[in-house]
Amino acid sequence: MSYNKSYKIGRMGVGVGLFLVLLGLAIEIDFICYIGLIMVIGSALLEAIFYRCPNCNESLSIRGKRPKHCPGCGYKLDD
Ligand SMILES: [Zn+2]
């Protein structure tokens, strides 16, 4: 899996997962909260594992803004 793809899937999964948690809380159905939590954790893990520099394998920050360049080797990252 490419680092770009893992970033997009990770971000989307966290967003959808958080939405499900809030939805589950709002309508008071625990089951939906659990699905949301699993999605959030799974997506964060996926991003942590696959969102790495393709050049030096440095883990790219999953907090804040996307880096334009690898913090480890300066490799230019695509959008
Ligand atoms: Zn690098």
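Begin by selecting Cys73, which counts as partly exposed at 37% relative accessibility. This is a predicted model, and Cys73 offers a convenient entry to its metal site, since its SG atom is one of the protein donors of the zinc ion.

**The zinc site**

Add the zinc ion and its remaining donors to the selection: Cys53, Cys56 and Cys70 join Cys73, each through SG, at 2.2 to 2.3 Å from the metal. Which geometry do the 4 donor atoms give the site of the zinc ion? The site is tetrahedral, with angles of 103 to 113° among the donor atoms. For reference, the ideal angle for four tetrahedral donors is 109.5 degrees. Along the chain, the donor residues follow the spacing C-x2-C-x13-C-x2-C. Cys56 and Cys73 both lie in the segment after α2 (30–50), so this pair ties together parts that are 17 residues apart in sequence. Colour Cys56 by accessibility as well: its relative accessible area is 36%, and Cys56 is therefore partly exposed.

**From the metal to the core**

Keep Cys53 and Cys70 displayed, and add Tyr3, Tyr7, Tyr51, Leu60 and Leu77. These 7 residues make up the largest nonpolar core; two of its members, Cys53 and Cys70, are also zinc donors.

Now centre on Leu60. Which residues does Leu60 touch, when those up to four places away in sequence are not counted? The contacts are Tyr3, Tyr51, Arg52, Cys53, Pro67, Cys70, Pro71 and Leu77. Among them, Tyr3, Tyr51, Cys53, Cys70 and Leu77 belong to the core as well.

**The start of the chain**

Move to Ser2, in the segment before α1 (3–27). Ser2 is partly exposed, with a relative accessible area of 38%. Draw a distance from its C-alpha atom to that of Tyr51: the separation is 7.6 Å, although the two residues are 49 apart along the chain. Tyr51 was already on display as a member of the core.

**The two helices**

Switch to a cartoon representation. The secondary structure comes to 2 helices and 0 strands. In the loop between α1 and α2, select Glu28. Glu28 is exposed, at 70% relative accessibility, and has a positive phi of about 55° although it is not a glycine. Most residues other than glycine have a negative phi. A second such case is Asn57, in the segment after α2, where phi is near 70°.

Next select Cys33, in helix α2. Is Cys33 buried or exposed? Cys33 is buried, with a relative accessible area of 10%. Leaving aside neighbours within four places in sequence, Cys33 is in contact with Leu20, Val21, Gly24 and Leu25. A further distance worth drawing runs from Cys33 to Ala48: the C-alpha atoms are 22 Å apart, with the two positions 15 residues apart in sequence numbering.

**The whole protein**

Finally, zoom out. The C-alpha atoms fill a box of roughly 45 × 20 × 15 Å along the principal axes. The radius of gyration is 15 Å, whereas a compact globule of 79 residues would have one near 12 Å. Of the 79 residues, 27% count as buried. With the surface displayed, the accessible area comes to about 5400 Å², and 66% of it belongs to carbon and sulfur atoms. Among contacts between residues at least 6 apart in sequence, 37% join residues at least 24 apart.

How values were computed:
Residues numbered from 1 in each chain as written. Predicted model: local features only at pLDDT ≥ 70, side-chain atom pairs only at ≥ 80, totals over all residues. Heavy atoms only, no water. Core = buried A, V, L, I, M, F, W, Y, C linked by side-chain atoms within 4.5 Å. Buried < 20%, exposed > 50% of the residue type's maximum accessible area, 1.4 Å probe, protein only. Contact = heavy atoms within 4.5 Å. Donors = N, O, S within 2.8 Å, 3.2 Å for Na, K, Ca; no water. Tetrahedral: all angles 85-135°; square planar, octahedral: opposite > 155°, others 65-115°. Helix = DSSP H or I, 4+ residues; strand = E, 2+ residues; numbered from the N terminus. Rg over C-alpha atoms; globule rule 2.2 N^0.38 Å. Areas by Shrake-Rupley, 256 points an atom, 1.4 Å probe, with all protein chains shown as cover.
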